[in-house]
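Work through the exercises below with the model open. Try each task before you read its solution.

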Amino acid sequence: MAQHTKKLLAVMTASGLVLAGCSDDKGGSDNGGGNTDGRGPITFAMGKNDTDKLRPVIDKWNEKHPDEKVTLQELAGEADAQRDTLVQSLQAGSGDIDVMALDVVWTAQFAANGWLAPLEGDLKVDTSKLLKAPVESAKYMDKLYALPQNTNGQLLYRNTDVVKDAPQKWEDVVNACKAVKDQDCLTMQLKQYEGLMVSTADFMNSWGGGIMNDQGEVTVTSPESRAGLQAMVDGYKDKVISSASTGATEEETNLAFTQGQTAMAINWPYMYTNAEEAGSAVKGKTEVSPLVGKDGVGVSTLGGYNNGINANSKHKATAKDFIEFVTSDENQKSFMEKSFPPVLASVYDDEALKQKFPYLDALKISLENAKPRPASPNYDALSKAVQDNAYAALTAGKSVDQATDDMAAAIKNTTTK
């Protein structure tokens, strides 16, 4: 454990992410120090693409708490720009932002730097009613640093005119594609960006491997991980996975499916609404199921936001109450109404919602089997290592053994600099 801690500190020092013990003139300090009982108005920061889901929640809070109002600070729509804004503020020791909606992959990095107040002691929250995978994504070194706000799991979509039966395992997908004519079979995100990291993790995890294990050990060279990547590479080579996939993000995938260009697709739940809209080529003939793996239900990589409290916030008690308010039954149901998957487990058993959103049962299974991405303070470099080598295996003829060897070396290099 001591050796792991030394390596972690070395990583954060090398990447410029370690802060000296700092405090601001508002009385906050790093690692959640300072007062935890402060109350008053707070500022909540979130990327503008999804703030429409939170505005009604904030309005309801403000009606009930006129002396502790929440001000929404919209961040850029692009994830990198959102994070840059937050990091600049936090590195300066500012307490101007009290609560941050963090992409699940940022939580470890922010926690490792002492920017988040641990949710313990006076700030302890109850997570027993939330889905387990999102809660795990909000932990760092086995300590909870954020409260999940919403989550996301991938689904396997199919045009029932072309693929009638839901695949139960990957072999069923391969066999179904043999009968698909005059269009692509399966489209997914294999472009060299974060989507490729997610897809690679999906296949490795679904074959019993993964990028890293719970102990932080790199596992991409395990037989199971290699078998998963090999299945993805073979699927692409054999046209089970469309050639267009290496240029596809979520939006290209969405267009390909809703325009009837591909029989099946892997994407997030938002695509279901698009598929059922007027003008969609698959309206009335779209069904979804969980991802599939080698022997059955596959493993989706987890998406979503975690709400973290700034360690330098002056009003941590109000911040804690607000992030708990976001997870209330009423608010979580409102998320589902906007295809913004909730973290409250009971919502997925609501019969009225299941009637309205036929994919809810499949999404629940997806989320129950989902895994967070590796908790790494140097996640960007880790993701790039996976993307570079997976893309080379897909498009440049690099063998899976060589790709995973190089992937492992590059990931380990990010933790030993």
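**Exercise 1. Lay out the five-stranded sheet.**

Task: give the strand order of the open sheet of five strands, and find its edges.

Solution. Step 1: the order is β2-β1-β3-β11-β6, and the pairing is mixed. Strands here are DSSP runs (E, at least two residues) and helices are runs of H or I, at least four residues, both numbered from the N terminus. Two strands pair if DSSP finds at least two bridges between them.

Step 2: the edges are β2 (70-75) and β6 (147-152). Each has a single partner strand, so one side of each lacks a neighbour in the sheet.

Step 3: from one strand to the next, the twist averages 20°. Angles run from 0 to 180 degrees between N-to-C directions, with axes fitted to C-alpha atoms, for helices over the stretch in contact.

Before going on, note the ground rules. This is a predicted model, with residues numbered from 1 along each chain as its sequence is written. Local features need pLDDT of at least 70, side-chain atom pairs count only at pLDDT 80 or more, totals for chains, interfaces and linings use all residues, and side-chain values use heavy atoms, with hydrogens and water left out.

**Exercise 2. Check one pairing and the helix on this sheet.**

Task: in which sense do β1 and β2 pair, and over how many bridges?

Solution. Step 1: strand β1 (residues 42-47) runs parallel to β2, over six bridges. I42 stands opposite V70 in β2.

Step 2: helix α11 (residues 316-326) packs on the sheet. The helix touches β1, β2, β3 (99-103), β6 and β11 (303-309). Contact means heavy atoms within 4.5 Å. The direction of α11 makes about 155° with that of β11.

**Exercise 3. Do the same for the four-stranded sheet.**

Task: write down the order of the open sheet of four strands, then place its helix.

Solution. Step 1: the order is β8-β9-β7-β10, with mixed pairing. The edge strands are β8 (184-187) and β10 (286-289), each pairing on one side only. Neighbouring strands are turned by 15° against each other on average, direction ignored.

Step 2: β7 (residues 155-159) and β9 (residues 262-267) pair in the antiparallel sense over four bridges. L156 stands opposite I266 in β9.

Step 3: helix α9 (residues 250-258) packs on this sheet and touches β7, β8, β9 and β10. Its direction makes about 150° with that of β9.

**Exercise 4. Describe the domain interface.**

Task: how much area is buried between domain 1 and domain 2?

Solution. Step 1: set the bounds. Domain 1 is 42-152 + 303-363, and domain 2 is 153-301 + 372-415. These bounds come from an automatic or database domain assignment. The C-alpha centres lie 27 Å apart.

Step 2: 19 residues of domain 1 are in contact with 18 residues of domain 2. The buried area is about 1500 Å², and carbon and sulfur atoms give 65% of it. Buried area is the accessible area (1.4 Å probe) that two parts lose on being put together, summed over both. V105, N152 and Y359 supply 36% of what domain 1 buries against domain 2, more than any other three residues.

**Exercise 5. Find the salt bridges.**

Task: which side chains meet R83 and R373 in salt bridges?

Solution. Step 1: a salt bridge is a side-chain nitrogen of Lys or Arg within 4 Å of a carboxyl oxygen of Asp or Glu. The whole structure has 24.

Step 2: one salt bridge is counted between domain 1 and domain 2. R83 meets D380 at 2.4 Å, N to O.

Step 3: R373 meets E194 at 2.8 Å, N to O. R373 lies in the loop between α14 and α15 (379-395) and E194 in helix α7 (residues 194-206), so this pair ties together parts 179 residues apart in sequence.
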